[in-house]
Amino acid sequence: MVKKVALILLLVGLLVLVGCEEGTSFDLDAYILQNNHWGEHSGGGFIIGFVGFDSDDPLMDVVTSESPREAYMIDVTSFSNGVITATYHKEGEDEVTNNITITLSYDAPEMTFVFSGGGELNEQTFILEPTP
């Protein structure tokens, strides 16, 4: 009788383990919609804001220096699986536009933004925490 109970418990245990998912799934795109302002308290003076990501006209504002203010307006053309494709220009210089790809990765509580493409943001990396 003890052997049968042990066998049943072993089988139930195996079924439970087979039914468990490895790790937890994380929807980075949805997280961005909930936390749309990054860096204000991360130090370094870098701030990245997401505007209108729940609309047809998503934009980003990237501030790389507060004094003197140096900021970039990013016009997002696509956003999926933590990769943003966009064009951008430096604030006050609308006539100069560059292409950029921004790859995002999240390791709580920090978001890493890796920029690649043309212009001044090329090869820039920012590691920022969400602004509460």
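Two strands count as paired once DSSP finds at least two bridges between them. In this predicted model, β5 and β6 clear that cut-off, with six bridges joining the two in an antiparallel run. Within this pairing, Y88 has N98 of β6 as its bridge partner.

Zooming out, the chain is built from two helices and eight strands. Reading from the N terminus, the elements come as α-α-β-β-β-β-β-β-β-β. The eight strands make an open sheet in the order β1-β2-β3-β4-β5-β6-β7-β8, with antiparallel pairing. Since β1 and β8 sit at the edges with a single partner strand each, one side of each has no neighbour in the sheet. In general terms, the strands of a sheet pair through backbone hydrogen bonds, in either a parallel or an antiparallel way.

The other pairings can be walked through in turn. β3 and β4 run antiparallel to one another and share seven bridges; here L59 has D75 of β4 as its bridge partner. Between β6 and β7 there are eight bridges, again antiparallel, and T103 sits opposite V114 of β7. The link from β6 to β7 is a hairpin that passes through two residues. β7 then pairs with β8 over four bridges, also in the antiparallel sense, with T112 opposite I127 of β8. Side chains along β8 take turns: F126 and L128 are buried and point to one face, whereas T125 and I127 point to the other face and are not buried.

Next comes the inside of the fold. Nonpolar side chains in soluble globular proteins tend to be buried together. Here, the largest nonpolar core counts 24 residues, and I74, F113 and F115 have the most contacts inside it. At least two residues of this core come from each of α2 (28-34), β2 (47-51), β3 (59-66), β4 (69-80), β5 (83-90), β6 (98-107), β7 (110-117) and β8 (125-128). Take F115: with neighbours within four places in sequence set aside, its contacts are I48, V62, I74, I100, T101, I102, L121, N122, E123, Q124 and F126. So I74 turns up twice, as one of the core residues with the most contacts and as a contact of F115.

What about the rings? A pair of aromatic rings is described by how far apart the centres are and by the angle of the planes. The structure holds six aromatic pairs. One of them, W38 with Y106, is edge-to-face, at 6.3 Å centre to centre and with 75 degrees between the planes. W38 belongs to β1 (residues 37-38) and Y106 to β6, so this pair ties together parts that lie 68 residues apart in sequence. Ring pairs also link W38, F50, Y106 and F113 into a cluster. The two partners are not covered alike: W38 is buried because its relative accessibility of 0% is under the 20% cut-off, while Y106, at 26%, counts as partly exposed. W38 has another distant residue to report, E110, which is 72 residues away in sequence, with 9.0 Å from C-alpha to C-alpha.

E70, in strand β4, gives a view from a less covered spot. With a relative accessible area of 27%, E70 is partly exposed. Its side chain makes a polar contact of 3.3 Å with the side chain of Y72. Beyond its neighbours within four places in sequence, E70 is in contact with V62, V63, T64, S65, K90 and E120. V62 is thus listed among the contacts of E70 as well as those of F115. E70 and F46 are 24 residues apart along the sequence, and their C-alpha atoms are 9.8 Å apart in space.

A few totals round off the picture. Of the 132 residues in the chain, 27% are buried. Among contacts between residues at least 6 apart in sequence, 28% join residues at least 24 apart. The accessible surface of the chain is about 8,500 Å², and carbon and sulfur atoms account for 55% of that area.

Methods
Residues numbered from 1 in each chain as written. Predicted model: local features only at pLDDT ≥ 70, side-chain atom pairs only at ≥ 80, totals over all residues. Heavy atoms only, no water. Core = buried A, V, L, I, M, F, W, Y, C linked by side-chain atoms within 4.5 Å. Buried < 20%, exposed > 50% of the residue type's maximum accessible area, 1.4 Å probe, protein only. Contact = heavy atoms within 4.5 Å. Phe/Tyr/Trp six-rings, centres within 6.5 Å; stacked < 30°, edge-to-face > 60°. Polar contact = N/O pair within 3.5 Å; in protein donor to acceptor, adjacent residues only side chain to side chain. Areas by Shrake-Rupley, 256 points an atom, 1.4 Å probe, with all protein chains shown as cover.
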